Amino acid sequence: NLQDKLEGAFKVLKGQGSITEINVAETMKEIRKALLDADVNYKTAKTFTDEVKQKALGQNVLTTVSPGQLLTKIMNDELTALMGGSVEELNIKASPTVILIAGLNGAGKTTFTGKLALFLKSQKGKKPLLVAGDVYRPAAIDQLEVLAGQVGAEVYTNRESTNPVAIALEGIAHGKKNGNNVIIIDTAGRLTLDDALMDEIAEVKKATQPQEILFVVDAMTGQDAVNTAKVFNDRLDFTGVVLTKLDGDTRGGAALSIKSVVNKPIKFVGTGEKMDALDVFYPDRMASRILGMGDVISLVERAQQQFDEKEAAALQKKIRKNKFDFNDFLSQIQQIKKMGNIKDLMGMIPGVGKMMKNIDIDDNAFKGIESIIQSMSPFERENPDSINQSRRNRIAKGSGNDIAEVNKLIKQFEDMRKMMKQFSDPSAMAKMQKMMK
Ligand code: GDP
Ligand code: MG
């Protein structure tokens with residue numbers, strides 16, 4: 001499944017120090033496949049992976065987290081942005097606001113009409129009226145009446161008429177008289193796209209001048225959903241999309257494709273047959289769903305965190321006992337080097353990282369530091385206080401460094417140790433962390 005595929009894709013990157021042209025290309029290929037499986041159309045998937053790749057390579061230098069984690073974040077951000085970035089509110093300021101519902105048969109229009117009424121009723125001062133505009137199926141009128149009853153909304157029907165434009169206008173007139181400030185017009189669909197349907201709904205649009213035209217589409221129809229969206233948008237220039245039936249195991253890739261093909265915001269998602277199974281569309285949540293990697297993200301984060309916490313706890317214990325030695329120092333440096341840029345890493349080691357902020361070490365400086373520490377004997381590393389002048393001379397010679405460099409490092413180490421000791425008191429730590437936020 002998709003999850004496995006993405007995990008496979010990330011495995012390629014696991015354990016690699018940086019994102020390179022080669023490993024990112026391999027991963028992107030896997031991700032593109034996964035996106036196609038999730039109903040994202042080819043062009044969108046290709047554009048997306050190309051952009052992510054570009055960004056990933058660009059960020060190479062600043063990487064502090066694992067490449068997989070960085071890539072996950074870039075992908076999530078990019079997907080979120082592609083789907084509009086933020087929540088798109090319904091435009092319901094006008095009184096009355098007319099909302100026209102359009103889409104194919106079975107997409108979930110009538111169901112959504114009921115759901116929307118319930119959603120609006122929960123907003124202050126909104127009094128929706130449902131208009132039964134599906135003149136071809138008497139059962140559709142019954143269905144709307146039942147749903148209206150369930151959600152406690154008013155409904156306008158005219159079983160005598162077969163003219164959807166007339167019914168829509170009657171409905172609006174009725175709503176105005178009746179004090180309804182949002183009028184939702186349910187319409188008829190067709191089994192497939194045809195011109196007569198398009199003409200009809202275009203006429204209803206022209207006559208009613210709706211503030212919102214919501215195109216309802218079944219997320220399970222995958223690629224067809226995209227084509228349908230395009231045809232409806234070309235004709236109606238709708239204002240938003242409602243993606244239904246996301247409660248199934250569909251990945252919702254249609255959301256990404258539709259947005260990128262028609263460039264209209266997705267405003268709601270339907271997640272079940274019940275009237276309260278409606279969600280406002282959150283691009284970031286859909287991004288996680290499409291990638292199916294909510295789990296992957298938390299996995300990576302948990303692994304990272306566990307590592308940090310264990311390491312930090314052990315370290316803090318040592319610091320408190322003033323036992324922080326050159327071995328710890330060396331392993332910290334090696335840790336930092338393994339993970340990437342030092343400045344960005346500061347926040348990652350709780351407590352310690354923040355203290356090290358004050359100590360200016362650049363990546364190149366590590367080489368000298370490492371060579372000095374490596375020239376220390378195990379005894380010296382564990383007992384920094386033992387390193388007297390003659391030992392310093394020997395270390396300088398052995399590591400090929402100037403004695404001044406050795407003195408500088410030991411001084412830095414001692415300063416750091418002092419500072420750590422000072423802040424290892426838990427209440428002082430809490431204060432510090434508050435200050436740094
Ligand atoms: P319409 O022809 O576009 O008006 O579609 P309907 O509103 O009559 O819905 C068609 C079928 O899809 C009905 O059985 C609904 O209960 C079902 N349906 C609509 N929205 C959802 C949804 O979000 N999830 C699920 N599982 N079923 C839905
Ligand atoms: Mg219907």
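## A tour from the ligand outwards

Start at ligand 1: the largest share of the shell around it, three residues, comes from H5. Keep in mind as you click around that this is a predicted model.

**Stop 1: the ligand shell.** Select whatever surrounds ligand 1 and you should pick up 17 residues, the closest being Gly108, Lys109, Thr110, Thr111 and Gly270. Colour that shell by class and polar residues show up 11 times, alongside four charged and two nonpolar ones.

**Stop 2: zoom out for a moment.** Show the whole chain as a cartoon; it has 20 helices and eight strands. Of its 437 residues, 38% count as buried. If you like contact maps, take the contacts with a separation of 6 or more: 75% of them join residues 24 or more positions apart.

**Stop 3: H5 against H6.** Now select residues 109-121 for H5 and 138-151 for H6. Two packed helices are described by the angle between their axes and the distance between the axes. Here the axes come within 9 Å and cross at roughly 20°. Angles under 35 degrees count as roughly parallel, so H5 is roughly parallel to H6. As for handedness, H5 passes H6 in a right-handed crossing.

Turn on side chains for the contact. On the H5 side you want Thr110, Thr113, Gly114, Ala117, Leu118 and Lys121. Facing them from H6 are Ala140, Gln143, Leu144, Leu147, Ala148, Gln150 and Val151. How do the residues of this contact divide by class? Seven are nonpolar, five polar and one charged.

**Stop 4: H7 against H8.** Next, select 164-178 (H7) and 195-208 (H8). These two pack at an angle of about 30°, with their axes 9 Å apart. That angle makes H7 roughly parallel to H8, and the crossing is right-handed. Pro164, Val165, Ala168, Leu169 and Ile172 make the contact from H7, while H8 brings Glu200, Glu203, Val204, Ala207 and Thr208. The residues of the contact between H7 and H8 divide into seven nonpolar, one polar and two charged.

**Stop 5: Met198.** Stay on H8 and click methionine 198, which is found in that helix. Is methionine 198 buried, exposed or partly exposed? A residue needs 20 or more other C-beta atoms within 10 Å to be buried, and 12 or fewer to be exposed. Methionine 198 has 17 C-beta neighbours inside 10 Å, so it counts as partly exposed. Try a distance label here too: from the C-alpha of methionine 198 to that of glycine 103 is 9.8 Å, although the two are 95 residues apart along the chain.

**Stop 6: backbone oddities.** Most residues other than glycine have a negative phi, and most peptide bonds are trans. The next three selections go the other way.

- Pick Gln209, in the loop between H8 and strand E5 (212-218). Its phi is near 45°, a positive value in a residue other than glycine. Glutamine 209 is exposed, because 10 other C-beta atoms lie within 10 Å.
- Pick Asp237, in the loop between helix H9 (223-236) and strand E6 (240-244). Phi is positive for aspartate 237 as well, near 50°. With 12 other C-beta atoms within 10 Å, aspartate 237 is exposed.
- Finish at Pro96, in the loop between helix H4 (67-82) and strand E1 (97-102). Check omega for the peptide bond from serine 95 to proline 96: it is near 0°, which makes the bond cis.

Definitions and conventions. Residues are numbered from 1 along each chain as its sequence is written. Chains are lettered from A and ligands numbered from 1 in the order in which they are written. This is a predicted model: local features need pLDDT of at least 70, side-chain atom pairs count only at pLDDT 80 or more; totals for chains, interfaces and linings use all residues. Axes are lines fitted to C-alpha atoms, for helices over the stretch in contact, and angles run from 0 to 180 degrees between N-to-C directions. Helices (H or I, at least four residues) and strands (E, at least two) are DSSP runs, numbered from the N terminus. Angles under 35 degrees count as roughly parallel, over 145 as roughly antiparallel, 65 to 115 as roughly perpendicular and the rest as oblique. A crossing is left-handed if the near helix is turned anticlockwise from the far one by less than a right angle, and right-handed if clockwise. Two residues are in contact if their C-beta atoms, placed from the backbone, lie within 7 Å. Ala, Val, Leu, Ile, Met, Phe, Trp, Tyr, Cys and Pro count as nonpolar, Asp, Glu, Lys and Arg as charged, and the others, Gly among them, as polar. A residue is near a molecule or strand if its C-beta atom, placed from the backbone, lies within 6 Å of it.
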